[in-house]
Amino acid sequence: MNSEAAIYHLLSNDSTLTAMLSSTTAIWPEIAPQGAANPCIVFMESTTDTNETNDGPSELDGLKIQIDVYADSAAQRNTIAARVRTVLDGQSGTFAGVVVDSIIFGYGDKLYDDIAKCYRFTSDYYLRQKL
């Protein structure tokens with residue numbers, strides 16, 4: 001099981017969030033399909049740190065998850081990014097078979113993406129996954 005499955009489960013099962021997107025399936029791992037409509041969400045696992053123990057292999061991994069919100073206006077971007085934070089920040093439990101110790105918001109940045117010609121919010125979340 002991977003952390004991305006848990007993130008997708010949490011985001012895609014929040015009806016308030018999916019109602020804000022261009023479609024209820026506008027949440028993608030790593031890259032949006034060519035021609036995807038805004039607003040949408042793209043997420044990826046960017047780094048993994050193991051929790052070393054003296055008793056054997058790590059039982060807990062620390063992962064950084066990057067989540068990008070793409071929208072046609074700054075207000076839309078801000079509203080969706082705030083909802084993503086509400087959905088993820090402070091979560092723990094088992095989601096899509098992944099045992100999550102915690103998810104914590106770490107960083108966010110608002111910008112205009114000149115290449116995609118849209119507003120973007122890029123954020124990092126720290127997820128601790130029990131193995």
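Which exposed residues does the face of α3 turned away from its buried side carry? They are A75 and T86, and the close-ups below, all taken from a predicted model, start with that helix.

**Close-up 1. Helix α3 and its two faces.** Helix α3 covers residues 74–88. Its 15 residues, at 1.5 Å a residue, should span 21 Å, and the end C-alpha atoms are indeed 21 Å apart, so the expected and modelled lengths agree. On the buried side you will find R77, I80, A81, V84, V87 and L88. Looking down the axis of α3, these buried residues fall within an arc of 120°, which means that they line one face of the helix. A general point helps here: an α-helix has 3.6 residues a turn, so residues three or four places apart point the same way. A75 and T86 are exposed, on the face turned away from the buried side.

**Close-up 2. What α3 packs against, and what follows it.** The buried residues of α3 pack against two helices, α1 (3–12) and α2 (15–20). They also pack against the strands β2 (40–50), β3 (60–71), β5 (98–113) and β6. Just after the helix comes G90, with a positive phi of about 90°.

**Close-up 3. R120 and its polar partner.** R120 sits in strand β6, which runs over residues 118–130. Is R120 buried or exposed? Its relative accessibility is 18%, and the cut-off for buried is under 20%, so R120 counts as buried. Its side chain makes a polar contact with the side chain of D68, at 3.5 Å. Beyond neighbours within four places in sequence, R120 is in contact with Q66, D68, V69 and Y70, with R77, and with D109, K110, L111 and D113. One of these partners, R77, is also among the buried residues of α3.

**Close-up 4. D124, further along β6.** D124 also has its place in strand β6. With a relative accessibility of 12%, D124 counts as buried because that value is below the cut-off. Leaving out neighbours within four places in sequence, D124 is in contact with K64, I65 and Q66, and with I104, F105, G106 and Y107. For a sense of distance, take T25: T25 and D124 are 99 residues apart along the chain, and their C-alpha atoms are separated by 21 Å.

**Close-up 5. The largest pocket.** The largest pocket has a volume of about 270 Å³. It is lined by 15 residues, of which A32, C40, V42, Y70 and A116 are the closest to its centre. Which elements give two or more residues to the lining? They are β2 and β3. Strand β2 supplies the largest share, with three residues. Y70 has a further role in this set of views, as one of the residues in contact with R120.

**Close-up 6. Backbone details in the loop between β1 and β2.** β1 covers residues 27–29, and P39 lies in the loop that leads from there to β2. A cis peptide bond joins N38 and P39, with omega about 0°. E30 is found in that loop between β1 and β2 too. Phi of E30 is near 75°, a positive value in a residue other than glycine.

**Close-up 7. K117, in the loop between β5 and β6.** K117 is found in the loop between β5 and β6. Phi of K117 is near 55°, which is positive although the residue is not glycine. Is K117 buried or exposed? K117 has a relative accessible area of 57%, so K117 is exposed.

Notes: Residues numbered from 1 in each chain as written. Predicted model: local features only at pLDDT ≥ 70, side-chain atom pairs only at ≥ 80, totals over all residues. Heavy atoms only, no water. Helix = DSSP H or I, 4+ residues; strand = E, 2+ residues; numbered from the N terminus. Buried < 20%, exposed > 50% of the residue type's maximum accessible area, 1.4 Å probe, protein only. Polar contact = N/O pair within 3.5 Å; in protein donor to acceptor, adjacent residues only side chain to side chain. Contact = heavy atoms within 4.5 Å. Expected span 1.5 Å × (residues − 1). Arc of directions from axis to C-beta. 1 Å grid on protein atoms, 1.4 Å probe; cavity = no way out; pocket = protein on both sides within 12 Å on 5 of 7 lines; lining within 4 Å. Points joined across faces, edges and corners; volume = space filled by probe spheres on them.
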